[in-house]
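Some questions on one protein chain follow, each with a short answer. The sequence and structure come first.

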Amino acid sequence: RARRRPAPRPPPAPRRRLSVGEACRRLGERACVRRGRLALVGELCTDIADVPAFAAACETVYLSNNCFAALDGVQAFRHVVQLSLTNNCVMHLDRLEPLRSLDMLAVLALEGNGVAALPGYRSRCLATCAVSLRRLDGRDVTPLKILKAAETELHEARQAAAEAADGRRGAAPQSRHGYPRPGAAAGDDRG
């Protein structure tokens, strides 16, 4: 019998906004950075901003159990290879877009965020992250999976653009090749 994972529990709401930079300064470099690893776990940070140089240089970054609703500012960690953002408050797929700038990212953990339960989450992550990604949420990633996810994302983007361009609703019926049928008027579904 398979065990069910408990539903992700949102971290407690912070009393005030707290950036990664403020938390680093409050704790001090020695407390939050050891052997090239930044650990700000459970500090109730709300923003990835104002990241000091000693933290930005880390290759491993642990930002789990905080209150991040967006990943804006993650670009400051340009040397990151392993990034853990588990149990935060990321709820929307479009909030993953800043991960695109992390060229050396090989391991990413986003479990425990609402976004991880959304349909298309894994393929969106694979399409958004650099081709260097090798593990996502504890599961191996192959270059073929990344390529397939990127193709799917491109196809969906083209389809959305085409629908927006011709306003599918009220447009003249189209042939199977995507061209309007000769003599067909908008709303005419005969065919």
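Q: Among contacts in the chain between residues at least 6 apart in sequence, what share joins residues at least 24 apart?
A: The model is predicted: local features need pLDDT of at least 70, side-chain atom pairs count only at pLDDT 80 or more, and totals for chains, interfaces and linings use all residues. Residues are numbered from 1 along each chain as its sequence is written, and side-chain values use heavy atoms, with hydrogens and water left out. Contact means heavy atoms within 4.5 Å. Of the contacts between residues at least 6 apart in sequence, the share joining residues at least 24 apart is 47%.

Q: In what order do the helices and strands of the chain run from the N terminus?
A: Helices (H or I, at least four residues) and strands (E, at least two) are DSSP runs, numbered from the N terminus. The chain has 5 helices and 7 strands. Their order is α-α-β-β-α-β-β-β-α-β-β-α.

Q: Which elements do the buried residues of helix 1 pack against?
A: Buried means under 20% relative accessible area, exposed over 50%, and partly exposed in between (1.4 Å probe, protein chains only). In helix 1, residues 20-27, the buried residues are Val20, Gly21, Ala23 and Cys24. Down the helix axis they fall within an arc of 165° (taken from the directions from the axis to the C-beta atoms), so they line one face of helix 1. They pack against helix 2 (29-32), strand 2 (37-39) and helix 3 (53-56).

Q: Why is there no bond between the sulfurs of Cys125 and Cys129?
A: A disulfide is a pair of cysteine sulfur atoms within 2.5 Å, and a search of the whole structure finds 0 of them. Cys125 is buried at 0% relative accessibility, and Cys129 is buried at 7%. The closest cysteine sulfur to that of Cys125 is in Cys129, and it is too far for a bond because the distance is 5.4 Å.

Q: Which backbone oxygen lies 2.7 Å from a polar atom of the side chain of Thr128?
A: Thr128 belongs to helix 4, residues 121-128, and is buried at 2% relative accessibility. The backbone oxygen 2.7 Å from its side-chain polar atom is that of Arg124.

Q: Which residues is Thr128 in contact with, leaving aside its neighbours within four places in sequence?
A: Thr128 counts as buried. With neighbours within four places in sequence set aside, its contacts are Leu96, Glu97, Leu99 and Arg100.

Methods:
A polar contact is a pair of N or O atoms within 3.5 Å; within protein, one must be able to donate a hydrogen and the other to accept it, and residues adjacent in sequence count only if both atoms are side-chain atoms.
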